[in-house]
Amino acid sequence: MKSLIEVRDIKKNYGKKEAVKGISFKIEENEILGLLGPNGSGKTTTIGMLLGLLKPTSGEIFINNLKLEDNRIEILEIINFISPYIELPKKLTVKQNLYVYSKLYKVQNIKERIEYLSDKLRIGELLNSITGELSSGQKNRVSLAKALINEPRVLLLDEPTASLDPEVGDFIRTFLEEYKREKKISILLASHNMSEVTRLCKSVLMMKNGEIIDQGKPDDLIAKHGRTNLEEVFLKLSRSKNEFN
Amino acid sequence: MSLTRIYGLFLRHFYLITRSFPRILDLVYWPTIQITLWGFISNFFATHTTYYNNAVGVILTCAILYDFLFRTSIGFNMLFLEEIWSRNFTNLFIAPMKIGEILTSLVITALIRSLIGLVPAILLTSPLFGISILDLGIFLFFLFLSLYIFGITLGILVSSGLLRFGPSFENIAWSTMFLLAPFGCIYYPIDTLPELFQKIAYILPLVYIFEEARNILINQTVDIENIYNAFIWNAVYFILSIILFYYSFNAAKNKGTLINMGE
């Protein structure tokens with residue numbers, strides 16, 4: 001299977017603080033990889049480096065066989081990102097926001113693309129609404145539409161269902177499963193929702209203090225640590241002293 | 001450079017302005033108030049001093065020129081700050097936009113914002129005060145161009161600070177023009193400044209622009225050297241601002257400012 005993302009021994013230091021301590025991993029085509037870890041474990045820093053927003057102190061990142069450091073623009077054309085901590089311009093309508101980002105990503109057939117995403121994400125009735133006036137569930141679906149506007153081959157998701165009610169959360173998870181199956185994209189999912197990770201991810205990375213402390217398929221990790229679910233594994237690893245390498 | 005992406009970012013701000021009547025009003029309101037105020041002051045000085053009695057519109061013309069500079073610079077900063085305030089900054093920097101495309105789009109948008117505010121105010125000066133800025137003739141274009149370049153340069157310098165230091169740099173963004181105004185000799189000849197201040201003023205393009213505006217209106221002559229010097233200093237500061245912006249962008253990538261912006 002082809003690796004769309006390959007991370008080789010990346011480190012990130014802020015002064016003397018080591019935020020990420022030399023991690024390596026791969027994400028294959030048509031795979032969802034879960035990125036788990038307590039707050040401050042280095043997940044956001046890792047995502048920032050994959051997006052080219054942060055420069056690794058050392059190490060290399062390859063996306064679609066291109067080295068990120070030398071091909072930032074080409075890589076950003078095939079990647080996208082969603083996080084509850086970033087928003088679309090609040091005063092613009094949903095349609096205006098999607099149109100603007102279509103232009104920034106040089107999308108062909110903009111009208112058809114917006115119609116397709118509106119239909120799939122059930123935001124057709126929201127297109128003329130002011131983005132800032134939407135509910136958090138609606139905003140989340142609109143942000144996801146923006147993140148898919150360029151038909152990314154790699155999607156980075158940071159807490160994509162945080163603060164959503166169970167119905168909307170389930171809708172997003174079902175949508176992601178179907179979209180990945182249909183488009184064969186690769187997804188990196190950072191989440192604190194263990195049932196979500198168990199449901200969506202083929203394999204997971206457990207991070208703590210800037211290191212990968214364990215990795216594998218959710219079921220294998222549960223069996224390996226003698227627990228009944230991934231949340232218990234998470235708690236065990238996050239409370240431990242890195243003896244699980 | 002992609003014109004599509006430049007247009008896309010321009011559209012983001014165009015939609016923002018055209019969707020909101022208060023925003024349009026805000027763009028027009030301050031230049032109009034400013035120019036009306038300086039129009040009356042100008043009339044007063046013209047009738048009570050000998051220095052200005054040959055050219056009634058000197059103060060008002062300089063006020064209009066300064067306002068254009070101020071609007072361009074603040075306009076550029078506002079475009080950058082809008083992205084921070086709306087928490088859209090990360091979305092913008094993960095889009096496949098080159099730095100040159102972002103800057104080009106903001107430069108064009110800042111010009112349009114300034115003109116939206118200034119054109120109505122300029123049109124008011126003729127019926128209200130009997131003064132036309134067009135008295136500067138063809139050289140008006142060069143003076144405006146020079147001010148536009150310097151306004152953009154200041155905007156890029158402040159945006160570099162925002163990139164490097166984050167939203168905490170916002171207060172500096174508002175005060176830059178006020179810091180430079182005394183050295184710009186906007187309303188008075190450079191001889192008015194103490195000697196040390198004159199040395200500082202001579203390394204800014206502003207003093208050449210405003211000295212030349214006064215020269216054209218009062219003496220009815222043109223000193224090309226002033227216009228030439230203004231462009232030379234503009235080129236120096238503009239190139240420095242671009243270098244600083246790229247440096248700040250790379251520093252922000254090292255420091256992590258880009259991912260934390262707006263938080």
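This report describes one helix of chain A and three single residues in a predicted model.

**Helix H9 of chain A**

Helix H9 of chain A covers residues 230-239, and its buried residues are A:Leu230, A:Val233, A:Phe234 and A:Leu237. Viewed along the axis of H9(A), these buried residues lie within an arc of 100 degrees, so they line one face of the helix. An α-helix has 3.6 residues a turn, so residues three or four places apart point the same way. The partners of the buried residues of H9(A) in chain A include two helices, H7 (194-200) and H8 (218-224). They also pack against strands E3 (32-36), E9 (203-208) and E10 (211-216) of chain A.

**Positive phi outside glycine**

Most residues other than glycine have a negative phi. The table gives two residues with a positive value.

| Residue | Phi | Loop between |
|---|---|---|
| A:Asn64 | about 55 degrees | strand E4 (58-63) and strand E5 (66-67) of chain A |
| B:Cys185 | near 50 degrees | helix H7 (170-184) and helix H8 (195-201) of chain B |

A:Asn64 has 19 other C-beta atoms within 10 Å and is therefore partly exposed. B:Cys185 is buried because 25 other C-beta atoms lie within 10 Å; the cut-off for a buried residue is 20 or more.

**B:Ile242**

B:Ile242 belongs to helix H10 of chain B, which spans residues 224-255. B:Ile242 counts as partly exposed, because it has 17 C-beta neighbours inside 10 Å. Between B:Ile242 and B:Phe93 the C-alpha to C-alpha distance is 17 Å, and the two are 149 residues apart in sequence.

Note on methods:
Residues are numbered from 1 along each chain as its sequence is written. Chains are lettered from A and ligands numbered from 1 in the order in which they are written. This is a predicted model: local features need pLDDT of at least 70, side-chain atom pairs count only at pLDDT 80 or more; totals for chains, interfaces and linings use all residues. A residue is buried if 20 or more other C-beta atoms lie within 10 Å of its own, exposed if 12 or fewer, and partly exposed in between; C-beta atoms are placed from the backbone. Helices (H or I, at least four residues) and strands (E, at least two) are DSSP runs, numbered from the N terminus. The arc is that of the directions from the helix axis to the C-beta atoms. Two residues are in contact if their C-beta atoms, placed from the backbone, lie within 7 Å.
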